[in-house]
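Here are a few exercises to work through with the model open beside you. Try each one before reading its solution.

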Amino acid sequence: MRYSLNALGTVLIESFAGLGEVLFLLFRCLGWLTRGIPYPEQTVRQFYSIGVQSLPVILTTGTFVGAVMSYTFYNQFLTMGVESWTGALVAKAMVWQLAPVLAGLMLAGRVGCAMTAEIGTMSVTEQIDALDTMGTDPVRYLVLPRLLASFFMTPILTIFAISIGVAAGFVVTVIFLGAEFHYQWTQLKDWMIPYDYIQGLSKSFIFGLAICLICCRNGLKTTGGAEGVGKATTEANVSSCIAILVLNFVLSVILFYLRPAWDDFAFMLDKLSTNLSTLVTHW
C-alpha cells in the first residue's frame, strides 16, 4: 500500500512538473513571437511537413470513420423509422468530437513522434548546445516554427477530416444503403448550426498547441543516447494522446456552458444586422 501511494505521488509530481515546463515553453515561444516570425524557410518547411504530408492519413481516417458510423447508425435508426437522422448525426459527431480528436491523435503519432525524435537526436548529439554556443536560441529556431505550423494546420486538417467523413457517410447511406438523399441533406441543414463548427475547430487549435509543446519539451530534455531518444519519443506520444483526451473532455464541458453566451451574441448580431439593413433601406 505504501509503495503504491509513493508511486502515485511520484507520477502526480512528475505530471505537474511536466505541465509547468510545457507552460514555460509556451511563454518563451510567445515572447519570441512578439519580435516577429523567425526563420521563414524553417517555418514554411514545418507547415509543409505538418500540414501537407499529414493529409493522406487524415483523409483515410476521416473516410472510414464516417463510413462505419453511417453504416452503424443507419441500421439502428432503420428499426425506429428515423433513418433520415443518419447524415445529421454523423455530421454532429464528426464536427463536435471525432474529427478534432482523431486528427489530433493522428498528428500526435505522425508529427509529434517526429518532432521528439528529431529534437531529441539533436539534444543527445550536442547540436542544441552548439546552437547556444552560436547565439541561436533553440526555442526560437526549433520550437516556434513547429508551434506555428501545428497551431494553424491542425484546424485545417480537421476541416478536411470533417468534410471527407461527412461525404463518406453520405455515400454509404445514400448509394450503398439506399437512403433518400433529400431527407438526409434536409436533416443535416436543420441540425447543424454555426456554433457546432466553432466548438470543433476551437478544440483543434488547442490540440495543435498541446501536441507541439509536449513533444518539443520531451525532445529538448532527451538524454541517454539512442535509447533515450526512443524512450522520449514513446513518452511524448503517450502524453500527447492522453492530453488530447483530457483536453477534449474539459473543452467539451466549457464550450457546452458557453453556448447560451454565444446564442445571445448571435441574436445581438442578427438584430444589429436587421437594424442596419432597415436604416440603409430608409436612407
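Buried means under 20% relative accessible area, exposed over 50%, and partly exposed in between (1.4 Å probe, protein chains only). Heads-up: this is a predicted model, where local features need pLDDT of at least 70, side-chain atom pairs count only at pLDDT 80 or more, and totals for chains, interfaces and linings use all residues. Numbering runs from 1 along each chain as its sequence is written, and side-chain values use heavy atoms, with hydrogens and water left out.

**Exercise 1.** Work out which residues of H2 are buried.

Step 1: go through residues 40-52, which make up helix H2. Gln42, Thr43, Gln46, Ile50 and Gly51 come out buried.

Step 2: check the direction they point. They span an arc of only 140 degrees around the axis (directions from the axis to the C-beta atoms), so they sit on the same side of H2.

Step 3: look at the face turned away from that buried side; it carries exposed Pro40, Glu41 and Val44.

**Exercise 2.** Find what ties glutamate 118 to arginine 146.

Step 1: use the salt bridge cut-off, a side-chain nitrogen of Lys or Arg within 4 Å of a carboxyl oxygen of Asp or Glu. The closest N and O atoms of this pair are 3.0 Å apart, and a salt bridge forms.

Step 2: place the partners. Glutamate 118 is in helix H4 and arginine 146 in helix H6, so the bridge ties together parts 28 residues apart in sequence.

Step 3: compare accessibility. Glutamate 118 is partly exposed at 35%, while arginine 146 is buried at 1%.

Technical notes:
Helices (H or I, at least four residues) and strands (E, at least two) are DSSP runs, numbered from the N terminus. The expected span of a helix is 1.5 Å times one less than its number of residues.
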